[in-house]
Amino acid sequence: MNPILEIMNLTVRYKIKNKEIHAVEDISLLVNKEEFVGIVGESGSGKSTMAHAIVRLLPPNAYIKNGRVNLLGYDLINMSDEEVMKVRWKDFSIVFQKSMSALSPVHRIDDQMMEAIKLHNPQISQQEIESRLDKLLQMVNLPKRVLKSYPHELSGGMMQRVMIALALVNFPKFVIFDEATTALDVVTQGQIIEEVRQLVKELSLTGMVITHDIGVVNELCDKIAVMYAGKLVEYGPKSDIIHNPYHPYTKALISSLPDFIKERGEFAGIPGNLPDLSQLPKGCIFAPRCPLADEKCFEQVPSLLRNDDRQVACFKVKEVKT
Amino acid sequence: MNDTKLLEVRNLKKYFTLRKFGRKSFVRAVDGVSFHIDRGEILGILGESGCGKSTLGLVLSRIEKETEGDIIFKNKKISGSLKLDKQTRRDIQIILQNPYDSFDPRLTIQDSLIVPLKIHGIGENTSDRREIILDYLHKAGFEPPSAFLKRYPHELSGGQLQRISVLRAMMLKPSFLIADECVSMLDLSVRASVINLLLDLTSMENTSMMFITHDISLGKFLSDRLAVIYLGKIVELGNAKEVSENPLHPYTKILISYSPSVFEKKEKIKPKEILSTTHQNIQRGCSFAPRCPFAKKECFEREPELFEVEKRHWVACLNYKK
Amino acid sequence: MRKFGDFVRRYFTNPYGVVGFAIFVTLLCFAIFAFYISPYKPNALSEDVLSPPSYKHPFGTDHLGRDIFSRVVYGTRVSLSVGFVAAGISALLGIFIGAFSGYYGGIVDEIVSKIIDSFLMIPIFFLILIIVAIFGSNLFYIMLVIGLTTWPSNARIMRAQTLSLKERGLVKIAKSIGESNIRILFSHIIPNGMYPVVANSALQMGGAILTEAALSFLGLGDPNVTSWGKMINEARTYMSFAWWTIVFPGIFTILAVVAFSFIGDGLQHTLYPKLSGVESE
């Protein structure tokens, strides 16, 4: 097992007014070579914050309180901004969701992509750039005319493909997809997922897929990590998590999918609300909403039970079978 | 049969005019839609973004005026003018996608909920109405109900606020409720609470519902019958289970094959690539033909009509014989 | 109403807003407590003609021996009233015309838009000048005229707000519930959309004060009223050797305009912090 990405005890906080929001709390995670790990969670789970922390693109009011991130041999947390800029978008990159706001509206697509290439390859010739752009467009199934277009001239699906091409522009080894298909139509989303699967094979990519859509994760990933309110509650191979979840939150999440409901009347959600992330409770973060919680759950924080690559953080789980 | 028919729509059209550099063009948001809804029935309207489903909802709720066509509600024609008598106005209600946009941010929940009661003379005085509201809040699971009266919309979570949207509409006990993507913006675990409340209240009052969504599994779960919309036209209509398990129209087949699922991967039926997703003013032939993998020459010349292919299963496709 | 506390708190974090408000409050006190603050009656003649600032007359005296400080203090009443009334009329007209026009649309809206555009192109001051010159210069009349010629900028703002609010879900739902158009306008559109007009009104107050001062300076002001503009006009003949006759009323005029300008800035910052370059929360 060859870990491309190793996250150790990552803790990220936001400063808002005079409160501190515990967005990501003590997350440890491994992603092996050519693996695709899906990070599944709802709003407030901290999944997007974690992604931004890994690539060092957190907003100014957020900071990394603790932890280490080892990506492709780079100690990302302890590197300076300049050092990170040199490797970001070269060896690893990220595809954002809001593609409309990620591209400059007044520059053509080819100019924007060229800029990303030249920044990391100052010696590259114009000819090489052009052939690379052609290849990238082919990879994401876009016609050549897109190069000469402006962002507003493209449809949502095309924009997202441009974002993917942009992320791959220097043939990175590791890519994070942050809700990359959320705003798209079902068919477009499906097509892009297929194209990404193809790319994974072609470029031997390793990746992380951040999403709230378990169906997307099912199509794209090998492993799933479930996050709730900043904590990692469960991790394991995809089919295990979906068909045999251990953690009460995972169970509730899976059973709230309409796919799994046989008859009307069984549609269950999770009662209650997210806890106040500025004041972490004493015990397990899910306890207030958990049907199985008892006294111990409110007093102590459950540690991660591990068995090979299957992990759960829950006192009610006695044994973890792979 | 006529006694159970609550709503009948005949050849409904809503066109928006675009004026670009002096040239007029139309966006055919709703392009000749005909169907009926029975009392107590839930009709699912399934389609991707831009297909006109939201516009259909706004026209049927008489917030937007139709360009052409008839709408007959309880045997009375309500099309032609947006003016409705008070009883009818109360009888048709709508819930929108974004709960935070559906409430006046300056009004408390009590203020917002009292308005419909006051307008339609429900309750004798303010304290009477307050009681009615508290009763509904309690039914919807808000504990303690009185604590929520003084809150402002931005102080509630999306799920809570959307449940209040449901209450606001259902307090009037309408015969017809339009729910436009009412859970699309909510987290998975929260959707159930809104859907369950919706189902409870509508079945209690025998309210017919038009459930607009782009989520096939949700549409299948909730609806009695399902209508699939493409570019403003109904392409398939039938029993929900039938349509989703035995889709006939090529578009429906593609849509279903592409919807992400947690079950085994389905064989994808690929549409033909067309690179522009803007409403093409298709003058002749089937509007889906350019993308249809099963299109024949005839499909580009003749426009298909919706007809009954199997028992109570209607399709608009020239590949099927009457 | 809970929001008011936040609003006030946020307003006072903006330095301009604080300064503007402070000056305004001072001027307001001058106006309200003029009787107690001014040492002399504003029109009291004396033999100390054109005497420079001294202990007896902190701002000196004018050509009729009247105490300039007292006159400036009483003049505050005129200026502030002009500011409030004129800007008030302008705001009310602007809000109603803008909201109704934007909401109902159609031919009426097209006509109103053209009117607004026309007014915004004309140099308003000259229009006011002409009207006052023709019809007379009673103070209330001046306030009215200013109000009646400056509403278009408010209307334009309110109309834009209305057009955007009209598309919001809350208006659609209000229609669905059965709220009448009038109710929607007064309950939802105007209360939610009028804030930029309020900020603009602060600026218009300063403008109105300046307009009145200019009219008075040109001799078209109300002759029965002690206003700063009139004082400046009267001081023209003497200013080369009696600077205090023109400087003090001038300073106060500037102060008033600056105060409202800063208040407008403060309101802008409070209502739209992102526009003012403040980091979002």
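Two residues count as in contact here if their C-beta atoms, placed from the backbone, lie within 7 Å. That cut-off is applied throughout to a predicted model, and a good place to start is chain C. In this chain, C:I95, C:A99, C:F100 and C:Y103 of helix 4 meet C:L185, C:I189 and C:I190 of helix 9. Sorted by class, this contact has 7 nonpolar residues, with no polar and no charged ones. The axes of helix 4 and helix 9 (residues 181-193) of chain C come within 11 Å and cross at roughly 105°. Angles of 65 to 115 degrees count as roughly perpendicular, and helix 4 and helix 9 of chain C are therefore roughly perpendicular to each other.

Helix 4 of chain C also has a partner in helix 7 of chain C. Here the axes of helix 4 (residues 68-104) and helix 7 (residues 139-166) of chain C come within 4 Å, and the crossing is at roughly 35°. As for hand, helix 4 of chain C passes helix 7 of chain C in a right-handed crossing. The residues in this contact split into 22 nonpolar, 9 polar and 3 charged. Zooming out, chain C has 12 helices and 0 strands, so to speak an unbroken run of α elements from the N terminus on. Along the principal axes, the C-alpha atoms of chain C fill a box of roughly 75 × 45 × 30 Å.Chain A mixes the two kinds of element, with 11 helices and 12 strands in its secondary structure. Its radius of gyration is 20 Å, close to the 20 Å that the globule rule gives for 322 residues, so chain A is as compact as a globular protein of that length. The box filled by the C-alpha atoms of chain A, taken along the principal axes, is roughly 65 × 50 × 40 Å. The domain assignment cuts chain A into domain 1 (3-91 + 173-312) and domain 2 (101-171). The C-alpha centres of domain 1 and domain 2 of chain A lie 29 Å apart, and the contact takes 14 residues from domain 1 and 14 residues from domain 2. On the domain 1 side, helix 7 (residues 186-203) of chain A gives the most, with 7 residues. By class, the residues on that side of domain 1 of chain A come out as 9 nonpolar, 2 polar and 3 charged.

One backbone detail in chain A deserves a mention. A:W89 has a positive phi of about 80°, although A:W89 is not a glycine. This tryptophan sits in the loop between helix 2 (81-87) and strand 6 (92-95) of chain A.

Turning to chain B, the secondary structure comes to 10 helices and 12 strands. The radius of gyration of chain B is 21 Å, close to the 20 Å that the globule rule gives for 322 residues, so chain B is as compact as a globular protein of that length. The C-alpha atoms of chain B fill a box of roughly 70 × 50 × 45 Å along the principal axes.

Within chain B, helix 3 (residues 109-119) packs against helix 6 (residues 158-170) at an angle of about 25°, with the two axes 9 Å apart. Angles under 35 degrees count as roughly parallel, and helix 3 and helix 6 of chain B are therefore roughly parallel to each other. The crossing of helix 3 and helix 6 of chain B is right-handed. From helix 3 of chain B, the contact draws on B:I109, B:S112, B:L113 and B:P116, while helix 6 of chain B brings in B:I164, B:L167 and B:R168. Taken by class, the residues of this contact are 5 nonpolar, 1 polar and 1 charged.

Chain B has a backbone oddity too. A cis peptide bond joins B:E143 and B:P144, with omega at about -15°. B:P144 lies in the loop between helix 4 (126-139) and helix 5 (145-149) of chain B.

Finally, chain B touches chain A: 31 residues of chain B are in contact with 29 residues of chain A. On the chain B side, helix 7 (188-205), helix 8 (216-222) and helix 10 (250-258) each supply at least two residues. Helix 7 of chain B gives the most to this side, with 9 residues. The residues of chain B that touch chain A divide into 15 nonpolar, 11 polar and 5 charged.

Notes: Residues numbered from 1 in each chain as written. Chains lettered and ligands numbered in written order. Predicted model: local features only at pLDDT ≥ 70, side-chain atom pairs only at ≥ 80, totals over all residues. Axes fitted to C-alpha atoms, helices over the stretch in contact; angles between N-to-C directions. Parallel < 35°, antiparallel > 145°, perpendicular 65-115°, else oblique. Left-handed = near helix turned anticlockwise from the far one by under 90°. Nonpolar A, V, L, I, M, F, W, Y, C, P; charged D, E, K, R; others polar. Domains from an automatic or database assignment. Rg over C-alpha atoms; globule rule 2.2 N^0.38 Å.
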